[in-house]
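Subject: Structure handover

Hello,

Here is the structure we talked about, with the sequence. My notes follow below it.

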Amino acid sequence: MKKLLEIENLRVTFPTPRGDLEVVRGISFTLGRERLGIVGESGSGKSMTGRSILQLIRAPGRVTADKLVFDGIDLLKQSERQMRAIRGARISMVMQDPKFSLNPVMTIGEQIAEALLTHQKLPRREVNSRMLAMLESVRIADPERVARLYPHEVSGGMGQRVMIAMMLIPEPDLLIADEPTSALDVSVQAQVLDIIDELVKRKGMGLIFISHDLNLVSSYCDRILVMNTGEVVEECRAGELMAAKHPYTRGLIASIPRLDETRDELPVLDRSAWAKA
Amino acid sequence: MTALSLKNLDISYGDVQITHDVNLDIADGESFALVGESGSGKSTVLKAIAGLAPEWTGEITVLGSPRGHGIDRAFSRQCQMVFQDPYGSLHPRKTVDATLGEALTIHGIGDRSARIEEVMTSVGLDRKFRFRFPHQLSGGQRQRVAIARALMLKPKVLLLDEPTSALDVSVQAEVLNLLKRLRREQNLTFLMVTHNLAVVSFLCDRLAVMRQGRIVEVADVADLKRGDLKDPYSRELMQISAAHAT
């Protein structure tokens with residue numbers, strides 16, 4: 001399988017008054033046209049990994065890597081202008097919270113159309129029909145009405161579907177979904193993930209799904225990286241997550257309450273055991 | 001004895017009626033969950049009890065005394081609320097000490113320092129956090145402060161609005177253990193709103209499923225564990241949760 005993304009020894013550093021803080025510490029992985037999950041707690045560096053692929057880490061933060069290659073393009077050598085042509089069109093990112101990520105003073109239709117027009121010139125009629133078709137493919141029942149609404153007029157689940165529509169309309173090769181459903185209800189969560197899953201499969205895209213929810217990641221991905229304090233501590237097939245070996249992964253799995261919970265107390269992570277190597 | 005009883009509770013925001021005819025009886029020392037999807041009115045019920053949604057008709061009774069529509073100090077001492085988002089519910093320019101001490105000042109209670117330290121110890125916060133601001137704390141520590149704030153007046157009933165949904169699974173486990181321990185030690189009654197059925201299974205005795213402002217089913221958690229809910233909508237919720245839990 002041809003590699004879509006190759007990362008070797010990726011490091012992200014932020015300067016602090018007490019010296020440099022390395023939040024991603026030398027991670028390496030490759031991605032084909034498959035679904036990769038990155039899990040870990042807050043502060044484990046999983047979002048920073050996603051952002052560094054898109055070169056979204058601003059000074060004074062620094063990104064270094066021995067290799068950061070997307071489809072033959074060395075992302076570290078791209079100028080800001082060249083990166084803008086890649087962002088959205090080739091790699092796009094679904095953010096966590098639709099409330100803060102959509103433009104409040106533009107209608108939903110305009111925003112989705114803008115995502116498309118930024119990257120290609122198209123006649124207005126075609127833009128409009130593609131925008132409506134995209135809204136329909138994220139299962140919005142009445143796309144013409146919804147296109148005229150503003151973000152505050154739709155629910156969280158619908159807002160997230162709008163964002164997915166916006167990210168997928170330029171037909172990128174790689175989608176990075178950073179906690180795409182953390183702000184949503186369980187019932188809506190499943191719907192949104194099914195939509196992402198279906199579109200990713202149909203268009204043969206690569207997906208990086210960043211989340212702290214192990215169960216969710218294991219049911220929607222092929223492969224999983226578990227991150228802790230900026231390092232990948234475990235890599236496994238999604239189906240084998242429950243057989244994970246690293247104490248950190250085992251600790252995370254054990255701390256999730258179950259539907260038929262019988263334990264009187266949930267085990268919590270003993271961070272002293274492996275944090276600070 | 002019933003700790004909390006709701007009779008024919010209809011809550012409105014302006015012209016829109018949010019809940020219809022909600023009836024609940026929660027026993028003293030019980031842990032009760034309200035579950036349902038967003039927009040089902042479950043958080044609104046908590047807000048009405050706490051006095052944050054004053055447009056209601058019906059009856060709200062806490063520990064035998066009915067609640068009025070206005071601010072009620074005696075009520076505040078009996079019943080307190082913990083909010084969903086610890087990043088939003090603490091005042092960013094008040095230290096932990098000021099946040100915890102405010103309730104004591106309002107109610108004219110002395111012995112401030114000792115009471116603050118006592119509550120901080122009971123929620124597992126080290127003394128060194130006492131004069132820090134919320135932005136200097138992690139999400140789990142902030143939620144501990146929010147719980148400590150609710151416990152300052154030694155209430156009997158705690159209203160919990162999705163207390164762990166903004167937290168990571170590992171931190172969620174810590175906060176859930178804390179809530180369970182506090183309930184045992186201080187003999188608290190919980191009314192918790194959540195959409196996570198696994199959390200209900202861990203922490204609660206009974207649950208009510210809400211949909212479109214109505215309670216469609218009240219069941220024992222034992223029924224939930226057996227997968228024995230009756231209403232079709234409750235079953236649907238249960239199946240979605242089961243599909244994601246491995």
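Helix H8 of chain A covers residues 186-203 of this predicted model. H8(A) has 18 residues, and the distance from its first C-alpha to its last is 26 Å, close to the 26 Å expected at 1.5 Å a residue. Its buried residues are A:Val186, A:Val188, A:Gln189, A:Ala190, A:Val192, A:Leu193, A:Ile196, A:Leu199 and A:Val200. Just after H8(A) comes A:Gly204, with a positive phi of about 60°.

H8(A) also appears in the contact between the chains, which takes 27 residues from chain A and 25 residues from chain B. On the side of chain A that touches chain B, the elements giving two or more residues are H8 and helix H9 (214-220). H9(A) gives the most to that side, with five residues. By type, the chain A side divides into twelve nonpolar, eight polar and seven charged residues.

In chain B, I looked at one helix pair. The axes of helix H3 (residues 96-106) and helix H5 (residues 139-151) of chain B come within 8 Å and cross at roughly 20°. Angles under 35 degrees count as roughly parallel, so H3(B) is roughly parallel to H5(B). The crossing of the two helices is right-handed.

Which residues in H3(B) and H5(B) meet? From H3(B) they are B:Val96, B:Thr99 and B:Leu100, and from H5(B) they are B:Val145, B:Ala148 and B:Arg149. The residues of this contact comprise four nonpolar, one polar and one charged.

Regards

Note on methods. Residues numbered from 1 in each chain as written. Chains lettered and ligands numbered in written order. Predicted model: local features only at pLDDT ≥ 70, side-chain atom pairs only at ≥ 80, totals over all residues. Helix = DSSP H or I, 4+ residues; strand = E, 2+ residues; numbered from the N terminus. Expected span 1.5 Å × (residues − 1). Buried ≥ 20, exposed ≤ 12 C-beta atoms within 10 Å, placed from the backbone. Axes fitted to C-alpha atoms, helices over the stretch in contact; angles between N-to-C directions. Parallel < 35°, antiparallel > 145°, perpendicular 65-115°, else oblique. Left-handed = near helix turned anticlockwise from the far one by under 90°. Contact = placed C-beta atoms within 7 Å. Nonpolar A, V, L, I, M, F, W, Y, C, P; charged D, E, K, R; others polar.
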